[in-house]
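Here is a short tour of the structure shown below. Keep it open beside the text as you read.

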Amino acid sequence: MSQHPDFEELHVLPPPPGVHIPTREELTCLCTEDVMGFSKHVAYPPHAPQLWIKYGCSVVQNEVPAQMMAYYGLQQLQSYVRIPKVYYTCRYMNVSYIVIEYIPGKTMGQLLKERPTQKQDICNLVAFGLQELLRIPVPPAARPAAINGGRIWHCLFDDHQAPMEYRNVSELETHLNEWIRITKQPTPAKNLASEPMVFCYGDVWPENFILDLDQRLVTIIDFAVSSILPSSFAKYALRSGGNKIDVRLDELVKVPTTDGVDNFDALCSAAACMVQGPSSFAICGRRILGRPTVRSLAQ
């Protein structure tokens, strides 16, 4: 039987013995909520979950390679932080499905509501998980990009994605500084290329951390908004995420730095007027860098 022209699939890691990975047909029957808007989730099988299925039109291609980089990177470091295994992913009729390992537990958001007196312990455990992600080895001479090599995913940008690709950090700095200049913001970026490049987890949201307070274990999920970036971007993501729960996560996590270089305030200046419509950050970049994307130069 020939494959449907609108169907793509990838088997990633083998599941444990006896665990059945749903087929495309089974996934379309299991995942019945409206696929527009935010991604949806379903535990499978419902009576004794072994798998967690994420699906929707908004599921991005960067998520699987980013999650696998985190999974293998923390394994290499022999970290206690858990990253769910990815077993299978497919895209069918513009809907993406990701089938991952099911990790039982309660999210940071749930525990903050149920155990407000343990807020500091909860935040410390999440901070440990985020600290470990910053230890993941980054390829030498990596350029600022999503884990899959595409446009940067980060909470600084409108819709969490940069409007173009960058061949190096200097191009990213040039784009940011032109935007800071024309929007009359106070602090330009300086020596951004001198900062350490890190695995930057950009979606610091309470529901993305599954905790076991008794065993002191943290599981991190949802890696769509992850990229290789200068370390100030990690600090910005930590501050942005901490503001959602009134906690200074950037003070609990030690972000790698270069002496005398800190562009956090510059990123705040760039974010102050960040939009990507007409007369926007995107238009500004195309004008000063002379192209819409890096790929266009290679054509």
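Let us begin in a loop: P45 sits between strands β2 (40-44) and β3 (51-56). The peptide bond leading into this proline from Y44 is cis, with omega near -10°. Please keep in mind throughout that this is a predicted model.

A second backbone feature worth a look is N191, found in the loop that links α5 (169-182) to β8. Phi of N191 is near 55°, a positive value in a residue other than glycine. As background, most residues other than glycine have a negative phi, and most peptide bonds are trans.

Strand β8, at residues 197-201, is an edge strand that pairs on one side only, and β7 (145-146) is the other edge strand. They belong to an open sheet of 3 strands with antiparallel pairing, in the order β7-β11-β8. Between β8 and β11 (residues 226-230) there are 5 bridges, and the two strands run antiparallel. If you would like a pair to pick out on screen, V198 has L229 of β11 as its bridge partner.

Now step back to the domains. The domain assignment splits the protein into domain 1 (10-101) and domain 2 (106-289). Their centres, taken over C-alpha atoms, are 24 Å apart. The contact draws on 20 residues from domain 1 and 23 residues from domain 2.

The table gathers values for the pairing of the two domains.

| Item between domain 1 and domain 2 | Value |
|---|---|
| Buried area | about 1900 Å² |
| Share of the buried area on carbon and sulfur atoms | 68% |
| Salt bridges | 1 salt bridge |
| Polar contacts (both residues at pLDDT 80 or more) | 9 residue pairs |

Which three residues supply more of the area that domain 1 buries against domain 2 than any other three? They are N62, M69 and R82, which together supply 31% of that area.

For charged partners, look at K54 and D222: they form a salt bridge, and their closest N and O atoms are 2.9 Å apart. On the side of domain 1 that touches domain 2, helix α2 (residues 63-76) provides the largest share, with 9 residues. By residue type, that side of domain 1 divides into 11 nonpolar, 6 polar and 3 charged residues.

Conventions: Residues are numbered from 1 along each chain as its sequence is written. This is a predicted model: local features need pLDDT of at least 70, side-chain atom pairs count only at pLDDT 80 or more; totals for chains, interfaces and linings use all residues. Side-chain values use heavy atoms; hydrogens and water are left out. Domain bounds come from an automatic or database domain assignment. Contact means heavy atoms within 4.5 Å. Buried area is the accessible area (1.4 Å probe) that two parts lose on being put together, summed over both. A salt bridge is a side-chain nitrogen of Lys or Arg within 4 Å of a carboxyl oxygen of Asp or Glu. A polar contact is a pair of N or O atoms within 3.5 Å; within protein, one must be able to donate a hydrogen and the other to accept it, and residues adjacent in sequence count only if both atoms are side-chain atoms. Helices (H or I, at least four residues) and strands (E, at least two) are DSSP runs, numbered from the N terminus. Ala, Val, Leu, Ile, Met, Phe, Trp, Tyr, Cys and Pro count as nonpolar, Asp, Glu, Lys and Arg as charged, and the others, Gly among them, as polar. Two strands pair if DSSP finds at least two bridges between them.
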